[in-house]
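Colleague: I'm new to this one, so could you take a close look at a single part with me? Start from one residue and work outwards, please.

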Amino acid sequence: MAVLLGRNLFRFKHACTTPCSKFMQLKRVMLAPPQCLLSSLVGAIDQGTSSTRFIVFDREARQIVSHQVEHKQYYPQQGWCEHDPEEIVNNVHVCIEESLRKLESLGYSKSDLSSIGVTNQRETTVVWDRGTGKPLHNAIVWLDLRTSALVDELSESFGSEFFREKTGLPLSTYFSGVKLLWLIRHVPAVAAAVAQGTAMFGTIETWLLYSLTGGKDGGVHITDVTNASRTMLMDLNQCVWDVASYEALG
């Protein structure tokens, strides 16, 4: 299965070194590392199932400003749920811009932000093309049930405990790996990109970090272990991609 997974799995304690230093290259929030040590505020992108927020906190974790935008829910069939990945990225930009405008109206500067964190809907699955940087299908949301038949098929082929032994997760429609397999089997554009080696896969934080750090023009393709652990593709003991699980879903 020639899908590009996030090239690095960052342990959570390291999540504000390499990935966040690239993330700080956002056009509207450009900070040098020494400034990060002196600044007093932190920002958080909260990308949820129904909306996106950007929140700014002070050193005492008091909320200073925030902005929230809802996104559309798509229900192609009963039990299916999708989101538009590009709408979500656009909403992140809007939320950051509006929060910075509110911040400046209170006398702060964007340079007062020391860092930005991301929290997100975990298992929601996005596949995009490396050449264009564009999604190849709507994101399949964590609560989507379209992979029920695939879960039964995998259970018959490998047994109900095959994935749990390495990933810690039971076979379920909930997790990203089965959603990825469904996309490969049922969406011609995804299958073609996989065959050509241009398909990129990620959960929402990976898609956001890729898009916000340049997209097709050098955007980083990364995740951290807390999100990777929800894909059904990560060895929970070693915190690395598990080849056996990857091949079973290929």
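Colleague: Where is the place of Asn-138?

Modeller: Asn-138 lies in a loop, with strand S8 (125-129) on one side and strand S9 (139-140) on the other. Helices and strands here are DSSP runs, numbered from the N terminus: at least four residues of H or I for a helix, at least two of E for a strand.

A quick word on the ground rules. The model is predicted, so local features need pLDDT of at least 70 and side-chain atom pairs count only at pLDDT 80 or more, while totals for chains, interfaces and linings use all residues. Residues are numbered from 1 along each chain as its sequence is written, and side-chain values use heavy atoms, leaving out hydrogens and water.

Back to Asn-138. With a relative accessibility of 22%, Asn-138 counts as partly exposed. (Buried means under 20% relative accessible area, exposed means over 50%, and partly exposed is in between, using a 1.4 Å probe and protein chains only.) Leaving out residues up to four places away in sequence, Asn-138 touches Tyr-74, Glu-82, His-83, Asp-84, Pro-85 and Thr-125. Contact here means heavy atoms within 4.5 Å. Take Thr-125 from that list: the C-alpha atoms of Asn-138 and Thr-125 are 8.7 Å apart, and the two residues are 13 apart in sequence.

Another of those partners, Pro-85, leads us on, as Pro-85 is also one of the residues that helix H3 uses to touch helix H8. The axes of H3 (residues 85-105) and H8 (residues 204-212) come within 10 Å and cross at roughly 65 degrees. These axes are lines fitted to C-alpha atoms, for helices over the stretch in contact, with angles running from 0 to 180 degrees between N-to-C directions. The crossing is right-handed, the term for a near helix turned clockwise from the far one by less than a right angle; anticlockwise would be left-handed. From H3, the contact uses Pro-85, Glu-86, Ile-88, Val-89, Val-92 and His-93. On the H8 side you'll find Ile-204, Trp-207, Leu-208, Ser-211 and Leu-212.

While you're on H3, have a look at Glu-87, which sits in that helix. Glu-87 is partly exposed at 21% relative accessibility. Not counting neighbours within four places in sequence, Glu-87 is in contact with Glu-70, His-71 and Lys-72. Glu-70 is 17 residues away in sequence, and 9.8 Å separates its C-alpha from that of Glu-87.

Now over to H8, which is mostly covered, with 8 of its 9 residues buried. The buried ones are Ile-204, Glu-205, Thr-206, Trp-207, Leu-208, Leu-209, Tyr-210 and Leu-212. Just after the helix, Gly-214 takes a positive phi of about 130 degrees.

Two of those buried residues have aromatic company: ring pairs link Trp-207 and Tyr-210 with Trp-128 into a cluster. Rings of Phe, Tyr and Trp (its six-membered ring) pair if their centres lie within 6.5 Å, and the planes make a pair stacked under 30 degrees, edge-to-face over 60 and tilted for the rest. By this rule there are 9 aromatic pairs. One of them is Phe-158 with Phe-162: the ring centres are 5.0 Å apart and the planes are at 35 degrees, so that pair is tilted. Both residues are partly exposed, Phe-158 at 35% relative accessible area and Phe-162 at 27%.

H8 has a well-covered counterpart in helix H6 (residues 176-186): 9 of the 11 residues of H6 are buried, so that helix is largely enclosed by the rest of the structure. Trp-182 is among the buried residues of H6. The charged end of Arg-146 sits over the ring of Trp-182, 4.7 Å from its centre. (That label requires NZ of Lys or CZ of Arg within 6 Å of the ring centre and within 35 degrees of the ring normal.)

To put all this in its setting, the protein has 10 helices and 13 strands, and 49% of its 250 residues count as buried. Of the contacts between residues at least 6 apart in sequence, 68% join residues at least 24 apart.
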